[in-house]
Amino acid sequence: MYGHVEKLAEEIQKGAASVEGVEAKLWQVPETLSEEILGKMSAPPKSDVPVITPNDLAEADGFVFGFPTRFGMMSAQFKAFLDATGGLWRTQQLAGKPAGIFYSTGSQGGGQETTALTAITQLVHHGMIFVPIGYTFGAGMFEMEQVKGGSPYGAGTYAGDGSRLPSELEFAQAFHQGKYIAGITKKLKAAA
């Protein structure tokens with residue numbers, strides 16, 4: 001809603017593109033809220049990132065899905081998009097493809113890990129391979145001197161009331177996640 005997920009996604013895209021031979025695309029899911037409601041929420045205009053359709057997923061070799069958190073779970077917009085992937089599920093077109101996740105929450109108690117845990121069920125039903133970053137980000141995972149989103153499940157940020165921007169450390173973790181998952185995706189594709 002306020003661009004935090006998009007900002008992290010841009011860093012993830014840069015990280016993925018840093019792996020030789022990898023092309024990374026940004027997409028956004030369709031908005032489900034009306035312009036009137038978005039206006040009342042003081043949401044800025046949507047960016048010009050293309051809107052994805054379920055069939056676009058079938059063309060990808062791997063994914064890094066990002067979403068804001070609503071009450072400890074992915075936003076309804078993203079859930080509605082995944083609910084529309086029944087045709088891909090029926091034919092298991094996403095099975096065996098690696099997928100990671102990242103997220104933005106309003107606060108430290110806003111559900112960064114519960115959002116990840118509840119999102120994994122979507123991947124499992126499609127037969128995707130969940131690729132967490134674990135502690136591969138190194139010392140940045142143990143940072144205690146500044147506020148930092150993210151976890152072993154994936155990169156993250158805290159949006160607060162929408163005015164807090166992702167930190168340099170959060171951007172670095174997002175870049176790392178993109179590079180890490182792109183490398184794994186490339187290896188899996190080469191082995192197929």
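Select Leu33 to begin: this residue is partly exposed, with a relative accessible area of 31%, where buried means under 20% relative accessible area, exposed over 50% and partly exposed in between, calculated with a 1.4 Å probe and protein chains only. Leu33 sits in the loop between α1 (4–17) and α2 (35–40), the helices (H or I, at least four residues) and strands (E, at least two) being DSSP runs numbered from the N terminus. The model is predicted, so local features need pLDDT of at least 70 and side-chain atom pairs count only at pLDDT 80 or more, while totals for chains, interfaces and linings use all residues. Residues are numbered from 1 along each chain as its sequence is written, and side-chain values use heavy atoms, with hydrogens and water left out.

Now add Tyr2, Ile37 and Met41 to the selection; together with Leu33 they make a nonpolar surface patch of about 300 Å². Patches are made of residues with over 30% relative accessible area and no salt bridge, with like charges joined within 9 Å and nonpolar side chains (Val, Leu, Ile, Met, Phe, Trp, Tyr) within 5 Å; accessible areas come from the Shrake-Rupley method with a 1.4 Å probe, and for residues only the protein chains shown count as cover.

Stay in helix α2 and select Glu36 and Lys40, which lie four residues apart, about one turn of the helix. Their side chains meet in a salt bridge (3.4 Å, N to O), the term meaning a side-chain nitrogen of Lys or Arg within 4 Å of a carboxyl oxygen of Asp or Glu. Glu36 counts as exposed at 54% relative accessibility, and Lys40 likewise counts as exposed, at 63%.

By this rule the count comes to six salt bridges, and another to display is that of Lys46 with Glu31, whose closest N and O atoms are 2.9 Å apart. Lys46 lies in the loop between α2 and α3 (54–58) and Glu31 in the loop between α1 and α2, so the pair ties together parts that are 15 residues apart in sequence. Move next to Arg164 and Glu170, a salt bridge with its closest N and O atoms 3.0 Å apart; here Arg164 is partly exposed at 23% relative accessibility, whereas Glu170 is buried at 0%.

For the interior, select Leu57, Phe63, Phe65, Phe67, Phe78, Ile101 and Met128, which touch the most other members among the 20 residues of the largest nonpolar core. Such a core is a set of buried Ala, Val, Leu, Ile, Met, Phe, Trp, Tyr and Cys residues joined through side-chain atoms within 4.5 Å. Two or more residues each come from β1 (63–70), α4 (76–83), β3 (98–105) and α6 (112–126), and the largest share, four residues, comes from α6.

Centre the view on Ala119 in helix α6, which counts as buried at 2% relative accessibility. Leaving aside neighbours within four places in sequence, Ala119 is in contact (heavy atoms within 4.5 Å) with Phe67, Met74 and Ile101.

Finish with the rings of Phe63, Phe65, Phe67, Phe78 and Phe81, which ring pairs link into a cluster. Rings of Phe, Tyr and Trp (its six-membered ring) pair if their centres lie within 6.5 Å, and planes under 30 degrees apart count as stacked, over 60 as edge-to-face and the rest as tilted. The structure holds five aromatic pairs; in that of Phe63 and Phe65 the centres are 5.1 Å apart and the planes at 10°, so the pair is stacked. Both Phe63 and Phe65 are buried.
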